[in-house]
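Open the model in your viewer and keep the selection panel at hand. The stops below say what to select next and what is there.

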Amino acid sequence: MKLTKRIVDAATPAADGRQLILWDGDVKGFGLRVTPAGVKSYILNYRIDGRERRYTIGKHGSPWTCEEARTRAIEALREIATGNDPLEAKRAEREAPTMTDLAARFLAEHADSKRKVSTAKEYRRLFDKKILPVLGVRKVVDIRRADIVRLHHDLRDTPYLANRTLALLSKAFSLAETWGLLPDNSNPCRRIEKFPEQKRDRFLSGDELARLGDALATYEGSPYVVALVKLLILTGARLNEIQTLEWSMVDFERQEVRLTHHKTDRTTGAKTLHLPPPAMTVLVELPRVEGNPFVIVGERRGRHLVNAQKPWRAIREAAGLPGLRLHDLRHSFASVGASAGMGLPIIGKLLGHTQPQTTARYAHLESDPVKAAAASVAGKIAAAMDGSKADVVTLPKGGRKG
């Protein structure tokens with residue numbers, strides 16, 4: 001007989017304590033299962049590759065009415081006719097990785113093995129604080145562009161953070177494609193526009209450098225903090241490169257440092273940091289601590305300085321430079337070089353850049369020496385034209401030979 005709502009509602013558990021199955025007379029294999037506890041579920045029995053299988057459509061009740069379940073049974077039979085097994089599809093959906101699973105694999109197989117410790121730590125922070133609380137339980141295959149747009153938009157008050165989160169998600173989904181978790185070219189982060197970011201480059205002027213020097217000279221805290229600041233601005237190195245610098249990396253004879261685990265060198269993991277005479281002086285005068293391999297000694301025995309932000313705030317306030325970041329010292333090193341007429345390729349080498357566009361931010365400073373020269377020449381010409389003796393210049397005689 002054809003299953004109807006009346007028949008389903010009237011169905012009761014079998015008297016012998018076994019499960020009861022009422023088969024539908026219209027759709028072959030479709031039926032209602034009633035357990036001894038009275039739980040009613042719609043099922044579909046079918047054969048595929050010579051095996052008999054039973055697919056549970058769902059429990060009776062919203063959303064599975066008798067007619068909805070029959071419709072799903074017919075759809076499943078069509079899938080079976082084309083060679084697809086609805087039980088396998090259901091298992092694959094149940095076992096499909098969530099965003100939490102993708103994050104764990106991304107960190108283990110990509111971040112922890114191919115990126116610096118500090119970078120991996122930042123990736124983990126973004127996942128834990130910004131991404132997984134929103135998307136963690138969702139299946140990777142179910143994430144749509146609208147979900148990413150919403151997450152990105154919710155972080156609009158911190159555009160830099162929003163864009164870094166978007167970049168991290170884009171890389172994670174790209175790897176999901178590589179790992180076969182998503183179809184090719186299905187990255188939901190594609191074509192999402194980033195927020196404009198305010199330029200944060202800050203260059204110290206000559207007067208500001210003098211004030212910073214005075215503040216360092218009068219600082220009463222750790223000499224290793226003073227050495228850290230000086231080495232940053234005298235070498236253009238990154239903060240982590242100096243913070244984790246070990247004495248064994250310093251070659252006093254060649255006046256250079258061989259840094260390991262360098263950010264921009266994935267192959268060798270090393271970078272040569274040149275030590276100009278002022279930087280050498282800082283190192284020579286800095287006391288070493290027995291049993292501690294690090295140049296910039298921290299409070300914990302045998303460890304390097306971990307957090308320089310608190311003493312740095314005191315130094316910059318004493319110098320009258322509120323808001324100045326330690327990273328701005330690296331920019332200042334590069335800006336002085338550009339203003340002195342050094343070419344961008346040389347500056348890029350000093351900073352350890354591998355991409356020319358990374359150094360291009362200093363291009364506008366390259367013209368400063370030319371402007372100064374033009375001003376000097378024009379000043380001499382103007383003085384001569386005014387008849388001023390303050391700036392005498394010999395000008396070529398007019399006219400053309402021949």
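## First stop: two packed helices

Helix α9 and helix α13 cross in the right-handed sense (right-handed if the near helix is turned clockwise from the far one by less than a right angle, left-handed if anticlockwise). Select residues 223-235 for α9 and residues 327-339 for α13; their axes are 7 Å apart and make an angle of about 35°. Axes here are lines fitted to C-alpha atoms, for helices over the stretch in contact, and angles run from 0 to 180 degrees between N-to-C directions. Now show the side chains of Val229, Leu232, Ile233, Leu234 and Thr235 in α9, which make the contact with Leu329, Ser332 and Phe333 in α13. Contact means heavy atoms within 4.5 Å. Sorted by class, the contact of α9 with α13 holds six nonpolar residues, two polar and no charged ones. In this sorting Ala, Val, Leu, Ile, Met, Phe, Trp, Tyr, Cys and Pro are nonpolar, Asp, Glu, Lys and Arg are charged, and the others, Gly among them, are polar.

## What kind of model this is

The model is predicted: local features need pLDDT of at least 70 and side-chain atom pairs count only at pLDDT 80 or more, while totals for chains, interfaces and linings use all residues. Residues are numbered from 1 along each chain as its sequence is written, and side-chain values use heavy atoms, with hydrogens and water left out.

Zoom out to the whole protein chain, which has 16 helices and seven strands. Helices (H or I, at least four residues) and strands (E, at least two) are DSSP runs, numbered from the N terminus. Of the 402 residues in the protein chain, 37% are buried; buried means under 20% relative accessible area, exposed over 50%, and partly exposed in between (1.4 Å probe, protein chains only). Take the contacts between residues at least 6 apart in sequence: 55% of them join residues at least 24 apart.

## Second stop: the four-stranded sheet

Select β1 to β4. These four strands form an open sheet in the order β1-β2-β3-β4, with antiparallel pairing. Strands β1 (20-23) and β4 are at the edges, each pairing on one side only. On average, neighbouring strands of this sheet are turned by 30° against each other, direction ignored. Helix α2 packs on the sheet and touches β2, β3 and β4, and its direction makes about 15° with that of β3. Add helix α3 (residues 86-95), which lies across β3 and β4 and runs at about 55° to β4.

How many bridges join β1 to β2? Four bridges join β1 to strand β2 (residues 30-34); two strands pair if DSSP finds at least two bridges between them. Leu20 has Val34 in β2 as its bridge partner, and Ile21 stands opposite Arg33 in β2. The hairpin of β1 and β2 has six residues between the strands, and Gly29 there takes a positive phi near 90°.

## Third stop: unusual backbone

Most residues other than glycine have a negative phi, and most peptide bonds are trans. Select Asp49, in the loop between β3 (40-48) and β4. Asp49 is not a glycine, yet its phi is positive, about 55°. Is Asp49 buried or exposed? Asp49 is exposed, with a relative accessible area of 72%.

Next select Pro63, in the loop between β4 (51-59) and α2 (66-81). The peptide bond joining Ser62 and Pro63 is cis, with omega about 5°.

Then go to Arg191, in the loop between α7 (159-178) and α8 (206-218). Arg191 has a positive phi of about 65° although it is not a glycine. Arg191 also counts as exposed, at 66% relative accessibility.

## Fourth stop: a second helix pair

Select helix α5 (residues 117-135) and helix α6 (residues 145-154), which pack at an angle of about 140° with their axes 11 Å apart. The crossing of α5 and α6 is right-handed. On the α5 side are Lys130, Ile131, Val134 and Leu135, which meet Asp147, Ile148 and Leu151 in α6. The residues of this contact of α5 with α6 comprise five nonpolar, no polar and two charged.

## Last stop: the three-stranded sheet

Select β5, β6 and β7, an open sheet in the order β5-β6-β7 with antiparallel pairing. Strands β5 (250-251) and β7 (270-274) stand at the edges with a single partner strand each, so one side of each is left without a neighbour in the sheet. Two bridges pair β5 with strand β6 (residues 256-260) in the antiparallel sense. To see one of the partners, select Val250 and Val257 in β6.
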